[in-house]
Amino acid sequence: MIKGVIFDLDGVLVSTDEMHFNAWKKLADELGIDKFTKEDNKRQKGVSRMNSLDVVLSKGNRIYTEEEKEELAERKNTYYKELLEELNENGILPGAKECLKMLRQKGILIGIGSVSKNAPLILERTGLIHYVDKISCGLDITRSKPDPQVFEVAADKLGLKYEECLVVEDSFAGVVAGKAAHMKVLGIGTEYKQLRADYEAPGLWADINWEVILEE
Ligand code: B16
Ligand code: MG
């Protein structure tokens with residue numbers, strides 16, 4: 001029996017993926033890396049900022065020191081945060097708000113499991129913060145998805161057993177993380193068919209059989 005649903009943020013509740021890509025693209029252009037594309041961006045979904053930077057740098061041919069990498073990641077985050085200033089409730093993905101409302105009405109607890117250190121800011125800017133009970137994000141963890149830590153912390157904060165939680169994810173790393181936390185996973189988004197989650201749907205707007213999922 002599911003008592004809590006833990007939502008990934010980027011690509012599940014909010015369309016920040018385009019902003020991440022544009023910020024990384026700007027950095028790549030500054031570094032003279034012209035081979036970084038949207039296809040590479042798919043491998044950045046759900047993984048940490050530093051691992052995402054490695055994806056960009058792997059498309060160039062220079063080796064960077066750890067100190068340089070820290071500066072580059074910080075620079076990308078500055079560009080990303082500039083883009084986030086434009087974010088408001090229009091950035092909420094179709095069906096997301098209605099889904100949160102419906103689950104809360106059923107007495108289900110709502111958690112966030114995002115590796116983004118900007119998750120609290122994003123929730124504030126979109127107003128989604130009002131539908132969330134507990135946030136587990138990049139600021140709470142030492143290991144990124146596919147490690148289960150971000151979801152375990154979310155369940156702990158909600159006061160639930162791991163098997164009482166359902167994870168909603170759009171990334172491969174996130175589905176692996178949810179499974180590793182012994183949680184059921186609903187895979188959504190553009191790649192949902194490839195995610196190998198327990199349940200799947202193209203988006204939260206779709207006709208999802210919540211009665212069955214929550215009873216499991
Ligand atoms: P930040 P999620 C993830 O968010 C993004 O999918 C991923 O592309 C990004 O690198 C990561 O957050 C870190 O974000 O730089 O803001 O700390 O999908 O886990 O909500
Ligand atoms: Mg995501």
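**View 1. Residue classes around ligand 1.** The shell around ligand 1 in this predicted model has three nonpolar, 12 polar and five charged residues (Ala, Val, Leu, Ile, Met, Phe, Trp, Tyr, Cys and Pro count as nonpolar, Asp, Glu, Lys and Arg as charged, the others, Gly among them, as polar). Leu9, Asp10, Arg49, Ser114 and Ser116 come nearest among the 20 residues around the ligand, a residue being near if its C-beta atom, placed from the backbone, lies within 6 Å. Residues are numbered from 1 along each chain as its sequence is written, with chains lettered from A and ligands numbered from 1 in the order written. In this predicted model, local features need pLDDT of at least 70 and side-chain atom pairs count only at pLDDT 80 or more, while totals for chains, interfaces and linings use all residues.

**View 2. Asp8 and Asp10.** The unreviewed UniProt entry annotates Asp8 and Asp10 as "active site"; such annotations may be inferred rather than shown by experiment. Asp8 is in the loop between strand S1 (4-7) and helix H1 (17-30), and Asp10 is also in the loop between S1 and H1 (helices, H or I, of at least four residues and strands, E, of at least two are DSSP runs, numbered from the N terminus). Asp8 is buried, with 32 other C-beta atoms within 10 Å, and Asp10 is buried with 24 (buried: 20 or more other C-beta atoms within 10 Å, exposed: 12 or fewer, partly exposed: in between; C-beta atoms placed from the backbone).

**View 3. Strands S1 and S2.** Four bridges join S1 in parallel to strand S2 (residues 109-113), strands being paired if DSSP finds at least two bridges between them. Phe7 has Ile112 as its bridge partner in S2.
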